[in-house]
Amino acid sequence: MRRRSFLAVAGWLATAAVATLIGVAAIRWVGESIAGTPGGVLSQEEIERALASPGPTAPGAGGPSSPSASGTGGPSSPGATAPAPVGARRAFATTGGSAVAECGPDGVRLVSWTPAPGYRVADAEPGPDDDVEVAFAGPSGEFELKLRCVGLEPVAAEDDD
């Protein structure tokens with residue numbers, strides 16, 4: 001009887017170990033496509049480079065600078081105007097959060113902003129305008145990002161309030 005109990009426990013442990021190994025292998029195999037970052041985690045420099053390079057644009061997407069939105073036809077049609085130049089996107093960060101800004105013909109605008117964990121957005125003026133700002137409030141106080149354009153490059157501006 002003892003031998004039979006021992007074999008039952010050993011068999012159960014072996015089955016549990018094999019099932020665990022199969023589960024771990026399946027999670028590794030499927031995990032990146034479900035919850036991971038395709039291509040791995042990017043460094044701060046890689047993120048800034050990716051934000052600075054112009055992304056692909058969908059033709060006729062209906063955005064404000066697309067030819068179909070202005071009703072002038074495609075880019076090769078007579079009388080079509082070229083889209084207004086847009087400067088580089090640049091990321092900025094504080095203890096309270098981060099923001100991405102870009103410059104265009106109407107001034108600087110905040111493309112996105114995200115509070116750090118434990119912080120919230122206290123105020124945001126996304127623009128476009130001569131300067132834009134976003135304030136993050138949290139346990140260490142309030143942190144403000146104020147941005148403006150120098151040429152077509154967004155830069156941090158001194159707070160003149």
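**Exercise 1. Find the hairpin between strand 4 and strand 5, and work out how the two strands pair.**

Start with the turn. In this predicted model, strand 4 and strand 5 make a hairpin, with five residues between them. Look at G127 in that turn: its phi is positive, at about 80°.

Next, check the direction. Strand 4 covers residues 120-125 and runs antiparallel to strand 5, with five bridges joining the two.

Finally, pick out a facing pair: A124 sits opposite V134 of strand 5.

**Exercise 2. Follow the chain out of strand 5 and describe what is on its other side.**

Begin at the end of strand 5, which spans residues 131-138. A hairpin leads from there into strand 6 through two residues.

Now count the bridges. Strand 6 (residues 141-150) is antiparallel to strand 5, and eight bridges hold the pair together. For one example, take V132, whose bridge partner in strand 6 is L147.

Then ask how covered strand 5 is. Six of its eight residues are buried.

**Exercise 3. List the residues of the largest nonpolar core and say which strands feed it.**

First, the list. The core has 11 residues: F92, A99, A101, C103, V108, L110, V132, V134, F136, L145 and L147. Next, sort by strand: strand 2 (97-104), strand 3 (107-115), strand 5 and strand 6 each give at least two residues to this core.

Some familiar names turn up here. V134, the residue opposite A124, belongs to the core, and so do the bridge partners V132 and L147. As background, nonpolar side chains tend to be buried together in soluble globular proteins.

**Exercise 4. Locate the disulfide and decide whether each of its cysteines is buried or partly exposed.**

Step one is the search: the whole structure has one disulfide. C103 and C149 form it, with 1.9 Å from S to S. The two are 46 residues apart, C103 in strand 2 and C149 in strand 6, so the link ties distant parts of the chain.

Step two is the twist. The angle about the S-S bond is -110°, which makes this link left-handed.

Step three is exposure, where buried means under 20% relative accessible area. C103 comes out at 0%, so this cysteine is buried. C149 has 23% relative accessibility, so this one counts as partly exposed.

Last, look around C103. Setting aside neighbours within four places in sequence, its contacts include V86, G87, A88, V108 and, as you'd expect from the disulfide, C149.

How values were computed
Residues are numbered from 1 along each chain as its sequence is written. This is a predicted model: local features need pLDDT of at least 70, side-chain atom pairs count only at pLDDT 80 or more; totals for chains, interfaces and linings use all residues. Side-chain values use heavy atoms; hydrogens and water are left out. Buried means under 20% relative accessible area, exposed over 50%, partly exposed in between (1.4 Å probe, protein chains only). Helices (H or I, at least four residues) and strands (E, at least two) are DSSP runs, numbered from the N terminus. Two strands pair if DSSP finds at least two bridges between them. A nonpolar core is a set of buried Ala, Val, Leu, Ile, Met, Phe, Trp, Tyr and Cys residues joined through side-chain atoms within 4.5 Å. Contact means heavy atoms within 4.5 Å. A disulfide is a pair of cysteine sulfur atoms within 2.5 Å.
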